[in-house]
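Q: I have a structure open in front of me and would like to learn how to read its features one at a time. Could you guide me through it?

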Amino acid sequence: MYKFALVDDEIVFLKILDQKLSNILFEKHIEYHLSSFNQPTSFLKTLSQENYDIVFLDIDMPNENGIDIARRLRNIDHPPVVIFVTSKEKYMRDAFGMNVFAFIVKEKMNEELAPIMTDCLTYLEKNNVVTLKTNQGLHRFYFNDIICVYSEDRKIQVITHLEVFQIYQETLGSIVQKLNHPQFVSPNRGSIVNLRNVSNTRKGCITLEHTNHKEYISRERIKEFDRIFTNYVLGQRIYQ
């Protein structure tokens with residue numbers, strides 16, 4: 001299920017956007033939950049309890065505008081896809097460089113909303129989230145929540161920040177393909193680790209944050225793993 005947040009100080013527009021989005025998602029047979037906020041502060045208070053997949057933000061709002069909120073969203077654990085909406089195209093210039101997914105001009109919403117949603121949903125399916133069949137049913141895993149994937153006794157386990165899942169109808173190879181992102185690396189033939197959670201690689205033993213599980217770097221992959229991990233750490237420092 002995808003979680004949407006609609007943030008706009010115009011209550012009438014919120015209702016229109018809610019209805020149009022609901023129609024589009026219903027036609028696509030997408031499970032969803034929409035939350036609307038006409039006060040930006042009310043939306044911000046929910047971020048400690050909710051992980052939104054897509055956030056529609058009005059750029060021009062009193063007290064706390066959409067650009068300021070988008071900056072804050074970039075620094076949370078699960079940054080959502082941000083789509084700016086505005087009644088004035090001139091505000092779009094101020095938002096360039098914010099790494100938003102798209103802009104929608106309110107007056108053009110009827111023609112712009114559907115194609116943007118199609119692109120956005122396609123993006124989410126290919127980036128940042130993977131859906132796997134688990135012992136608890138179908139589960140959507142955020143990339144940043146995954147600590148490690150490993151195979152033991154022909155069973156594949158996914159360790160997350162909160163719990164461990166057993167995976168069905170997948171091989172380690174198929175999961176590697178789905179986790180096609182630089183932060184995931186295989187230190188050996190039987191596992192995938194998220195570099196975001198690697199705290200130490202001393203003597204070929206990988207210590208992972210938030211879990212007691214350890215992985216080992218196979219002899220033939222030590223040099224390549226060290227190179228990839230070093231580049232990842234340096235890249236994170238540069239980004240920060």
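A: Let us begin with a definition: two rings of Phe, Tyr or Trp (for Trp, its six-membered ring) form an aromatic pair if their centres lie within 6.5 Å, and planes under 30 degrees apart count as stacked, over 60 as edge-to-face and the rest as tilted. Please keep in mind throughout that this is a predicted model.

Q: How many aromatic pairs does the structure hold?
A: A pair of aromatic rings is described by the distance of the centres and the angle of the planes. By that reading, seven aromatic pairs are found here. In one of them, the ring centres of Phe43 and Tyr52 are 5.6 Å apart and the planes stand at 40°, so this pair is tilted. Phe43 counts as buried, with a relative accessibility of 0%, and Tyr52 is buried as well, at 5%. Together with Phe37, these residues, Phe43 and Tyr52, form one aromatic cluster.

Q: Which parts of the chain does the pair of Phe101 and Tyr123 tie together?
A: The geometry comes before the location: the ring centres of Phe101 and Tyr123 are 5.5 Å apart with their planes at 55°, so that pair is tilted. Phe101 belongs to the loop between α4 (91–95) and β5, while Tyr123 belongs to helix α5, so the pair ties together parts that are 22 residues apart in sequence. Phe101 is partly exposed, with a relative accessible area of 30%, and Tyr123 is likewise partly exposed, at 32%.

Q: In what order do the five strands of the open sheet lie, and is their pairing parallel or antiparallel?
A: Strands of a sheet pair through backbone hydrogen bonds, either parallel or antiparallel. In this open sheet the five strands follow the order β2-β1-β3-β4-β5, and the pairing is parallel. The edges are formed by β2 (32–37) and β5 (102–105), each of which pairs on one side only. Neighbouring strands are turned against each other by 20° on average, with direction ignored. For a closer look, take β1 (residues 2–7), which pairs with β2 in the parallel sense over six bridges; Lys3 stands opposite His33 in β2.

Q: Which strands does helix α1 lie across?
A: Helix α1 (residues 11–27) lies across β1, β2, β3 (54–58) and β4 (81–86), and its direction is at about 170° to β2. Helix α3 (residues 66–73) lies across β3 and β4, running at about 155° to β3.

Q: Which residues have the most contacts inside the largest nonpolar core?
A: The largest nonpolar core has 24 residues, and those with the most contacts inside it are Phe4, Leu21, Ile54, Phe56, Ile83, Leu113 and Met117. At least two residues of this core come from each of β1, α1, β3, β4, β5 and α5 (109–126), with α5 giving the largest share, seven residues. Another core, of 19 residues, lies apart from it and has Leu57, Met61, Val82 and Phe103 among its members. If you select Phe4 and leave out residues up to four places away in sequence, you will find that Phe4 touches, among others, Leu21, Leu25, Tyr32, Ile54, Phe56 and Met117.

Q: Which residues of strand β10 are on its covered face, and which are on the uncovered one?
A: In a regular strand the side chains alternate between the two faces of the sheet. Strand β10 (residues 164–168) has Phe165 and Ile167 on its covered face, and Val164, Gln166 and Tyr168 on its uncovered one. Strand β9 (residues 155–160) pairs with β10 in the antiparallel sense over four bridges, and a hairpin of three residues joins β9 to β10. Ile156 stands opposite Ile167 in β10. Strand β6 (residues 129–134) also runs antiparallel to β10, joined to it by two bridges, and here Lys133 stands opposite Tyr168.

Q: What is the sign of phi in Asp153?
A: Most residues other than glycine have a negative phi, and most peptide bonds are trans. Asp153, however, has a positive phi, near 55°, and Arg154 also has a positive value, about 65°, although it is not a glycine. Asp153 is found in the loop between β8 (146–152) and β9, as is Arg154. Asp153 is exposed, with a relative accessible area of 69%, and Arg154 counts as exposed at 86%.

Q: Why does Cys205 form no disulfide with the closest cysteine?
A: The sulfur of Cys205 is 12 Å from the closest cysteine sulfur, in Cys148, which is too far for a bond. The structure as a whole holds zero disulfides.

Technical notes
Residues are numbered from 1 along each chain as its sequence is written. This is a predicted model: local features need pLDDT of at least 70, side-chain atom pairs count only at pLDDT 80 or more; totals for chains, interfaces and linings use all residues. Side-chain values use heavy atoms; hydrogens and water are left out. Two strands pair if DSSP finds at least two bridges between them. Axes are lines fitted to C-alpha atoms, for helices over the stretch in contact, and angles run from 0 to 180 degrees between N-to-C directions. Contact means heavy atoms within 4.5 Å. A nonpolar core is a set of buried Ala, Val, Leu, Ile, Met, Phe, Trp, Tyr and Cys residues joined through side-chain atoms within 4.5 Å. Buried means under 20% relative accessible area, exposed over 50%, partly exposed in between (1.4 Å probe, protein chains only). A disulfide is a pair of cysteine sulfur atoms within 2.5 Å.
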